[in-house]
Amino acid sequence: MSVTGVAIGYGVVVRIGRGATPTWTTLVGVGDLEMPSGEADEIDASSHSSPNRTKEFIPGLQDNGTLALPLDYIPDSDQDVMLLELRNTAELIQVGITPPGGSEEIYACWVKSYQRSLPVNGKAAATLNLRVNGLVEAEGA
């Protein structure tokens, strides 16, 4: 860590928890990722009495979005088999993300897609897309 506190993202840990009392599996070969972020829906609240003929909006429900995880693809590995099963069953899971030097955030998710790629001239890769239902807990929060 630098004097300013700024650090690179190398060393992030992403893990998947299954079951009521989660059994955790740490994902391997995770590439660059963006932490989940939410966005509120916009509800048009305009009416004939809106001031100055302008539209008015109020915040709606929060949409927590999709978490895209680029991964190394190793056919028939334990990780590959688990992710295929999660894609096919739509099981609700927990996903823990721990940035280097930071606290773990745990999200409720389900597998939206698990896309595998086998290029002729490049490494085999996959993208795991998780639909985020919301933050379950954040250590230190």
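**Salt bridges, helix 1 and the nonpolar core**

In the predicted model, Arg116 is partly exposed, with a relative accessibility of 32%. The side chain of Arg116 forms a salt bridge with that of Asp80, at an N to O distance of 3.9 Å. This pair connects distant parts of the chain, since Asp80 lies in helix 1 and Arg116 in strand 7, 36 residues apart. The accessibility of Asp80 is 2%, so this residue counts as buried, the limit for that class being under 20%. A separate network, built from salt bridges with shared partners, joins Arg18, Glu85 and Glu91.

Asp80 has further partners. A polar contact of 2.9 Å links the side chain of Asp80 to the side chain of Tyr114. When neighbours within four places in sequence are set aside, the residues in contact with Asp80 are Tyr73, Ile74, Pro75, Tyr114 and Arg116. Arg116 thus appears both in this contact list and as the salt-bridge partner of Asp80.

The salt bridges of the model number 6. One of them joins the side chains of Arg15 and Glu104, with an N to O distance of 2.6 Å. Here too distant parts of the chain are linked: Arg15 belongs to strand 1, whereas Glu104 sits in the loop between strand 6 (93-98) and strand 7 (105-117), 89 residues apart. Glu104 has a relative accessibility of 7% and is therefore classed as buried. Arg15, at 21%, is partly exposed; the value falls in that class because the buried class requires under 20%.

Another salt bridge is found between the side chains of Lys123 and Asp72, at 2.5 Å from N to O. The two residues are 51 residues apart and again come from distant parts of the chain, with Lys123 in the loop between strand 7 and strand 8 (125-138) and Asp72 in strand 5 (residues 66-72). Lys123 is exposed at 59% relative accessibility, while Asp72 is partly exposed at 30%.

Helix 1 covers residues 78-89. For its 12 residues, a rise of 1.5 Å a residue predicts a span of 16 Å, and the end C-alpha atoms lie 16 Å apart, so the two values agree. The expected span is obtained by multiplying 1.5 Å by one less than the number of residues. The buried residues of the helix are Gln79, Asp80, Met82, Leu83, Leu84 and Leu86. In an α-helix there are 3.6 residues a turn, so residues three or four places apart point the same way. Among the buried set, Asp80 is the residue joined to Arg116 by the salt bridge described above. After the helix comes Ala90, with a positive phi near 60 degrees.

Strand 1 (residues 13-18) and strand 2 (residues 23-26) are paired in the antiparallel sense over 4 bridges. Arg15, the partner of Glu104 in a salt bridge, stands opposite Thr26 of strand 2. The hairpin has 4 residues between its strands, and within this hairpin Gly19 adopts a positive phi near 100 degrees.

Ile16 is one of the residues with the most contacts inside the largest nonpolar core, together with Val95, Leu128 and Leu130. This core has 22 residues. At least two residues of the core are supplied by each of strand 1, strand 5, helix 1, strand 6, strand 7 and strand 8. Beyond its neighbours within four places in sequence, Ile16 is in contact with Thr23, Trp24, Thr25, Leu27, Met82, Leu83, Leu86, Ile93, Gln94, Val95 and Leu128. Met82, Leu83 and Leu86 in this list are also among the buried residues of helix 1. In soluble globular proteins, nonpolar side chains tend to be buried together.

Positive phi values also occur in the loop between strand 3 (39-44) and strand 4 (57-63), where Asn52 is located. Asn52 is not a glycine, yet its phi is positive at about 55 degrees. Arg53 lies in this loop between strand 3 and strand 4. The phi of Arg53 is likewise positive, about 55 degrees, although Arg53 is not a glycine. Asn52 has a relative accessible area of 73% and is exposed; Arg53 is exposed at 84% relative accessibility.

Terms used:
Residues numbered from 1 in each chain as written. Predicted model: local features only at pLDDT ≥ 70, side-chain atom pairs only at ≥ 80, totals over all residues. Heavy atoms only, no water. Buried < 20%, exposed > 50% of the residue type's maximum accessible area, 1.4 Å probe, protein only. Polar contact = N/O pair within 3.5 Å; in protein donor to acceptor, adjacent residues only side chain to side chain. Contact = heavy atoms within 4.5 Å. Pairing = 2+ DSSP bridges. Salt bridge = Lys/Arg side-chain N within 4 Å of Asp/Glu carboxyl O. Core = buried A, V, L, I, M, F, W, Y, C linked by side-chain atoms within 4.5 Å.
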